[in-house]
Structure formats: C-alpha cells, structure tokens
Amino acid sequence: MMSSSSPSGISSDAATSPRSRLRPARALDNLSVSSLLSGDLDDERDGGRGGGDEEGLGDLEVNPYDGLPFSSRYYTLLEERQRFPVWRLRQSLLEHMENHSMVLLSAPSGSGKSTQVSQWCVEYALSYEFSQGLVCCSQPYSAAAVSLALCVADEMDLSLGLEVGYRVAHDDGCTPDTLLRFISDTLLLEEMMSDPLLHQYGVVVLDELQERTVPTDVLLGLLCDVCRQRPDNFRVVLLTHPTLAPRLSAFLGPSVPHLSLDSLLSEHPDTDQEREGGEGEGRKEVETLYRELSPGKGAAVAACHMVLDLHRRGEKGDVMVFLASPQEIEECTILLEKECIALSPQLGLLRVLPLHAGLGSLTQRIYESDSSSAKESEVVNGSTSGDGGIKRKVILTDVIAEASFSLPAIRYVIDTGLQLKTVYNPQIRANSQVLTTISKHQADMRTERVNSHLPGLCLRLYSQSTYTEVMAKAHCPGVMEENLSHLVLLLKRLDIADMGQCKFLDRPAPEALMQALEDLDYLAALDDDGNLSEVGIIMSELPLEPPLAKALIAACEYDCVDELLTIAAMLTAPCCFMTIEPSREEAAVTHWRPLMHPEGDHMTLINVYHAFIEHNQDESWCTTNFLSHAALRLAVVIRAELLEVMQRIELPVSPPTFGCQDNCTNIKRALISGFFLKVAYDVDGSGNYLLLTHRHVAHLHPFSSYLCRQPPPDPPSWVLYHEFTISCDNCIRIASDVHPQMLVELAPQYYLGNLPHSDGKELLMELRQGMEPPSFQEEGTHRDTDASGDSHNQSNTELCVVQ
C-alpha cells in the first residue's frame, strides 16, 4: 500500500522546515525528531558533532528528553530496534501524521509496532510544538501497559516514572511531566469524563484494537469525534493486527490512511530478505501440526506432556503454551514443576513461568535472563543443570499473550485451541462461564508468537477440520458479551444520552442496552428524563461497579461508610483466599475458621482485612493462613483510593463501629440498597437457593462461612450475594443472610411490583401485609394486587427508586 522507505527518514515537509537541521542519515536515527526540528541545537553543536568520526559523534550525543549523554546500551538497543519490520513504515507514518488527524497502521504480532510507534509519536508531538506534547498509548491489558513502559523507557534511555510512565488500575507510575504514558483503555475512557477532548494529550495511540474490549471499542468512536473538534493539534494512531484492518478501514472511511506492513512486504520482498538476511537471522517459516486428542484426555495435561517431550529431545528454543484460563495455567505450572524434579539434570534447566492478567508485576519474570533464573532455581531446588543441557523457558499463558508480551527465542507454540470466557446474559442478569474454541484469527496470532531464527513449530491440539469448519473467523467483541451498566453510566456522564450518538464498530444488542438502563434506573442513577441524577453523578465518580457504588453511597445514610469501604475494596480486589489443592483444603479451612463472621461472608471480609492490618501486612502471616498477600495489599490501595474520592466529593465518612449488632444490620441495609437484584431464598431448608430475578437454583460456595464454621449453622433462609456465575458448580459467592423485611422496606417498588411472579414474591407480599396496621391491610392488599396485576403491562415503565 505504501512504498518502502528508509526508517531513518523524516517527512519531506519537516526536512524543509526553517527550523530543521539536516544531518547525516546514520546520525538521524540516533537523534529524536524533536531535537532536529525544534531548532534547539545551534550551529556550534552541529560543528562539534559533525566532522565525520562516528565514534566521536556517539560520545557527544545527548538525550533530548533528560539532557544526559546516551549510554552505550542505547545504541545497542537502537540497532535491534531498526531491525523490527515496522521500521519500514516510520517515514510514511510521520508524513501522514502531518496531514491527517487519524492514521491506521496494521502489522503482525512481534513486528515492533507497540514499542516503536509510541516513541515516534513522542518525537512528532514535541517536534511540531503541539500545545500539549504528551503522548498516551492505551492498552487493553494493564499488565501489558506496565511491561511496555519498562521496555520503552529502556530503549529511550530514560527512567521509568519520569519521562516514560504507566497508569493502570490502582497503580500510577507517572508524574505531571511524563511525556509518554502507557495507560489501560479503561482509565483512558474514565479520563474523558473530566476532559472529554483530552486537552493534555497531543497524540493518542490506541493499541491492540483487534482485542475488541469494550473500552477500546468505545474509545475508537469517541476519538473520531475528538479529532473533528481538535484538527490542528491532536493526532490519533490506531494499531491493529492485519486481521481486523479491512473492517477498521471500511468503518473509518477513505479519509483515514491505512499503512499496512503486510502490503509493504509483499510489494518489496527482496528488500525484506536483504534486510533480514544480512545477519543470517531472518525469521524462518513456521510448521503447523494438528494433533487431535483422544476422547477423555484433557488439553491442558496433553500440553504438559508435549512440553516434556520437546525438552527431552534436547533441541534449542523456548516454548509458549496457550491454555484456557488462569486456573488451568496455575494447575499446569504445579504439574510441570513436579515433573521437572524427576527429569535428568543432563537435559538442562526447564523454567516454568505463568503469564496471565492476575499476576500483576510478576509478569515481568518472563523477561529475566537465564543466568539469574538458573541461580534462583539452584537456591529453590538445590540442583543445577548439566553442563551440556539446554536452558529453556516454558511460558504458560492464555489470551493475554496472543498479541502482547513478545519474547525472543520462542521456537515452539502449543495451542490447546480453547478459552474460558465469561459471557453476560442480560435476560437473567448473570454471567456464564463458557469453555469454547478460539477463533481462526486467534489461532493464527498464536502461531505468530514463534519468534526464533531456528525453524519454528506450532502444535495445535485439535484437528484441522476444527480449524476450518468449527472455529469462527473472529472472536466476539466485548460489547456483545459483557454487562454494559458501567459503560452506560460513563457515557451518560459524557452527555451522550442516546447510545445512537456513539459510533460502534459492532453495536451492542438493544436488549443489553435496555437492561443496563433499567438497572441504572433501579439504582436511582437516572432522573425522569433519562439523564444522570445526583446519585448517578456521584456513582460515576466512584471507580466501582454501579451496585457497589450505590451501596457505598447508601452507607453514608446508615453510618457504616468505614465498613463499606473495606467491603468494596475486598470485593474489587482479587479473591483473598488462595486456591488450595484438595489435599490441603482442610488445613486451609482450619486457618480461615477463626476469621469467619457469624453474620455472613461480607463481614468475614472485614475480619480478614482487619487481621491483615493488625499483622502489619505481613506476607508470612498470609502464607501461613492461606491468604493472598498480593490481593490484600491491593485491597489496601483500593480502599485508600475510595476514601480519597469520598473526601474529594465531600461525602460524610462515619467512624468505624464494626462489631455491634446495629452496625451489622446497617451494613446489610446499605448492601441491599445496591444489590437488591441479587437476592435468593432457600426453597427447601437444605441450602438450595432460588435466585429471585431469574429463578435459577444455586448453592453456597463450599468455603462460605455458613458451611465452614464449627458447628455448621443452619443455612440462612434469605441471602444477599455478590456474584453468581452459571458454571459447573452454580455457586453464589460472598453471601450474607438478610431478613426479608429489609427487602420490603428498602425496595418495595421492585419486590412488590417489578419482580416477576414467583413463590418468593408471594412470600414478600404476605410479609408486607403483615407489617401494615390492621386498618390499612385491606387497602394495602388491594393496592399490592393492582400493582401485581399491572406489572406485566407496565414492566418497562415502572421505576424502582431506592433512596
């Protein structure tokens, strides 16, 4: 599509600018475009750097971003960067950014687009003296944003947290002067609430569009509007895998240029071979083998056996294994580590590294050198690898590594072809965990993770007919599978009252949008005109799911803000209870039992948090008690953030009174204010709970305080729960008993009107009649009967306002 150009070039218009200073082509690569075009380098410096001796030139060069001389590592990394395939598009990208507000660039995984394009955008933004030269690069995964910030800071010879930084949920590694910020797409969308036109940024890079997350899809439409309103000093660069490029190009229209690396390489194959063949390390073709598993054999176990077989063959190269879920990754990690003990030392060190979104900063272990990992293994295992053995990394990952976390020396890819997805059903207001096959595009991207100068191999643990006939072409976008309540709340905050005003690459299902609006209406987040109410505006300020935000606001009325802050933080952070092997479950429950509260799991979370604080956030205490130190540390951070928001918007924060009965009752009242749609009652007295909203039968989680305490109490008749997922066990998680009288008192419009007819509704209506004075029972019975009779015709118009 675009003609091949030298990566060292800059735009022709820029080169003839009166401010520009022309330099030799080799020197140009070693300098930022900003230093060339800003005119900051005077003639005396030019004379000092000119002269022709390249070594002398390197000694005098100064990093334009921090004013310090470049290190020798900078030049080593620069040579590696220039070998990235995406460098062929550098000049074309800079030229198009001069004349277009938005540019689309497509390139395969591992071509260097995420690390290199963001650096070129910093150079561009500062070179042309934008009013604000900051550059933001959004990522769908927080772990990828942190990883990219570390890598780019190293390549630019800068300190992480100063000129280059990252901002992800509950971790801000930026300063006001940070020039290049890697940020999660969720936080960038939230930034637009307070700054809809993103005035602080000169360039926004929207990366990994093919992931199709909800925030990224929404940002795509919103940034098109920002470009129209800021045509002179704002640029957007869209980065995607070639599989999505045709759809994106058609969606954006002919006014947005499309730079395709695939098209460039196909037009100039000889140039590509000459470039890569100079060192004899061009990427080889990848052989793909299909291995259909025998019935009854799990894909995860089969993948582990193939890893061991590959290692026994003694051939060089690291291995990347794609599994269905983080839980499967952890199970395979334990399995492989056990098997490694029995391997012959002569085979060499086999280092098993998990990689998934829940690991946080631990994801960076995949980049550690072999020497440091070998020393660590010797300390842990007390053994060393044989002198003739092969040191090998085995990366166990899931969908997060399909396009992110490019690694050198990956020679083997083992693809199970499966992923565990969580799909939201708006009709029953519940998530479903579905083990499903990946798409063809995902399978192809996984094959592209082979990144070795040696012949590569992709082992697909499914038949070729599965790939050609069963797999869909592309995976389903997030807007079609997720709960949209929080998204609608954010869009309402942006004064986008009608969802039709927002451009979507794939529009959400109308019933999903209607259900989201209905839920927000139930939570009193909308006024009579469908705009945000005062409660809704406050809810949008809190970085919580809408029901939890409403519960925290209600806590102000019930004087239990301190306790709700703790509950909100613990529910937002990952589960604090570690996943335990079956053989150790009894020991874990023995340690958890003293922390369990008789009033339910929500109170148990408060007990766990308080115990963690009392033990000075000690990691060894967490390990002894089978608790996740990382999750509890994150809960501390989240709670501090929530408290800061509460104080900023001047909401009252009551002092802690946890422990007395009135306080526990008030906590439950606040929780009902937000989670009244998540209530179930025991239908037979044996723990079989019927969920009121969609009539599914579920059970308490095996580790619920109601099942683990000694002696075990009778199961509560009515419970309020935090989460229910339709899966193999159908458990409700984080449940606390509530009195049905509270439901009638706090949400009568929903429970006596909008709630579909059921035995539970009849019980509540009988309870309501019993609560009224005798003189009003007849009138109340008539009123409730009318409400029940009209609910079928007015279900779309009745409002439930829980104040």
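## Exercises on a predicted model

Twelve of the 15 residues of helix 29 are buried (under 20% relative accessible area, against over 50% for exposed and in between for partly exposed, with a 1.4 Å probe and protein chains only), so helix 29 is largely enclosed by the rest of the structure. Before we dig in: this is a predicted model, where local features need pLDDT of at least 70, side-chain atom pairs count only at pLDDT 80 or more, and totals for chains, interfaces and linings use all residues. Numbering runs from 1 along each chain as its sequence is written, and side-chain values use heavy atoms, with hydrogens and water left out.

**Exercise 1.** Find the span of helix 29 and list its buried residues.

*Solution.* Start with the limits: helix 29 covers residues 661-675. Helices here are DSSP runs (H or I, at least four residues), strands likewise (E, at least two), numbered from the N terminus. Next, the expected span is 1.5 Å times one less than the number of residues. For these 15 residues that gives 21 Å, and the model reaches 21 Å from first C-alpha to last. Finally, the buried residues include Asn663, Cys664, Thr665, Leu671 and Phe675.

**Exercise 2.** Work out whether Cys174 and Cys340 are bonded or free of any disulfide.

*Solution.* Take the cut-off first: a disulfide is a pair of cysteine sulfur atoms within 2.5 Å. Searching the whole structure turns up zero of them. For Cys174, the nearest cysteine sulfur belongs to Cys136, 8.9 Å away. Cys174 also counts as buried, because its relative accessibility is 18%. For Cys340, the closest cysteine sulfur is in Cys304 at 9.9 Å, so that one is too far for a bond.

**Exercise 3.** Place Gln364 and name what it touches.

*Solution.* Look in the loop between strand 11 (350-355) and helix 17 (370-381). Gln364 counts as buried because its relative accessibility is 19%. Now check contacts (heavy atoms within 4.5 Å): leaving out residues up to four places away in sequence, Gln364 touches Ala143, Val146, Ser147 and Leu150.

**Exercise 4.** Classify the pair Tyr74 and Tyr75.

*Solution.* Rings of Phe, Tyr and Trp (its six-membered ring) pair if their centres lie within 6.5 Å; planes under 30 degrees apart are stacked, over 60 edge-to-face, and the rest tilted. The structure holds ten such pairs. Tyr74 and Tyr75 sit 5.3 Å centre to centre with 80° between the planes, hence edge-to-face. Both are buried, and ring pairs link them with Phe70 into a cluster.
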